[in-house]
Amino acid sequence: MTVTRRQALTALAASATASTLIAPGAPARAAVQTGRPAPDFSATDSKGVQHTLAAYRGKTVVLEWTNHECPYTVKHYATGNMQALQAAATGSGAVWLTVVSSRPGEQGHVEADEADRLTATRKAGPSAVLLDPKGRLGRLYEASTTPHMFVVDRAGTLIYMGAIDDRPTASHSSVKGARNYVREALDAAAAGRPVAVASTRPYGCSVKY
């Protein structure tokens, strides 16, 4: 069957109208970007306490996506690298939120009790461990790997996102001498200066949504 130009334009207009009617006035969600306000969220931690980003306005906030079974995550905890970074951040007044977005049945998923046990046995020092089994917080921030790091300044602006450092390997020996982008971002935030490297490609295991 031959379709005339007029028929094609009519079909296109009808399609556009139908698309509009699906979600009238619905704004498209912008990608997470540094230099812009970090997406606000509400999430529950392993103690049953609710956390929102808005509640921490005036403080620097670090978001760390984790999977305790991922070799890349293991590297940073087995060497004490992540714990040292947590201690430095919280010691300077920052809030450190470790996020578990693995869904039930997938690698890295933990219930509240196990999350607390891991914090204790690894001698970790986050401000809280947020449980995100439905992946809502992870998808909001487009977290793709474990670890995947985000730093939000006191004004609520995302100033860093990406890898923890410049050594995309699971080798424990790679921690020594690595350039730690998160530490640099925290130092810059404390000094009130721009972050030299605001975005990098994260590395690690995929988040198990």
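On this tour, Ala, Val, Leu, Ile, Met, Phe, Trp, Tyr, Cys and Pro count as nonpolar, Asp, Glu, Lys and Arg count as charged, and the others, Gly among them, count as polar. Keep that in mind for the later stops. The model in your viewer is predicted.

**Stop 1: the sheet**

Start by showing the strands. Seven of them make an open sheet, and reading across it you meet S2-S1-S5-S4-S3-S7-S8, with mixed pairing. Now select residues 50-52 and 158-162, which are strands S2 and S8. These two stand at the edges with a single partner strand each, so one side of each has no neighbour in the sheet. Turn the view a little and look for the twist, which averages 30° from one strand to the next.

**Stop 2: a pair of strands**

Next, select residues 61-65 and 148-152. These are S3 and S7, which run antiparallel and are joined by five bridges. Which residue of S7 is the bridge partner of Val62? Select Val151 to find that partner.

**Stop 3: a helix across the sheet**

Add residues 81-91, and helix H3 appears, lying across S3, S4 and S7. Colour S4 (95-100) as a reference: H3 runs at about 140° to this strand.

**Stop 4: two helices together**

Keep H3 and bring in helix H6, residues 181-191. The two axes come within 11 Å and cross at roughly 5°. Angles under 35 degrees count as roughly parallel, so H3 is roughly parallel to H6. To see where they touch, show the side chains of Ala84, Leu85, Ala88 and Ala89 on H3, along with Val182, Arg183 and Leu186 on H6. By class, this contact has six nonpolar residues, no polar ones and one charged.

**Stop 5: a cavity**

Finally, look for empty space inside the model. How many cavities of 30 Å³ or more does a search of the whole structure find? The search finds one, and the largest cavity holds about 110 Å³ of space. To centre your view there, select Thr66, Val100, Leu118, Arg122 and Val129, which lie nearest the cavity's centre among its 14 lining residues.

Now colour S4 and helix H4 (112-121), the elements that give two or more residues to this lining. H4 provides the largest share, three residues. Here the definition from the start returns: the lining divides into eight nonpolar, five polar and one charged residue.

Definitions and conventions: Residues numbered from 1 in each chain as written. Predicted model: local features only at pLDDT ≥ 70, side-chain atom pairs only at ≥ 80, totals over all residues. Heavy atoms only, no water. Pairing = 2+ DSSP bridges. Helix = DSSP H or I, 4+ residues; strand = E, 2+ residues; numbered from the N terminus. Axes fitted to C-alpha atoms, helices over the stretch in contact; angles between N-to-C directions. Contact = heavy atoms within 4.5 Å. Parallel < 35°, antiparallel > 145°, perpendicular 65-115°, else oblique. 1 Å grid on protein atoms, 1.4 Å probe; cavity = no way out; pocket = protein on both sides within 12 Å on 5 of 7 lines; lining within 4 Å. Points joined across faces, edges and corners; volume = space filled by probe spheres on them.
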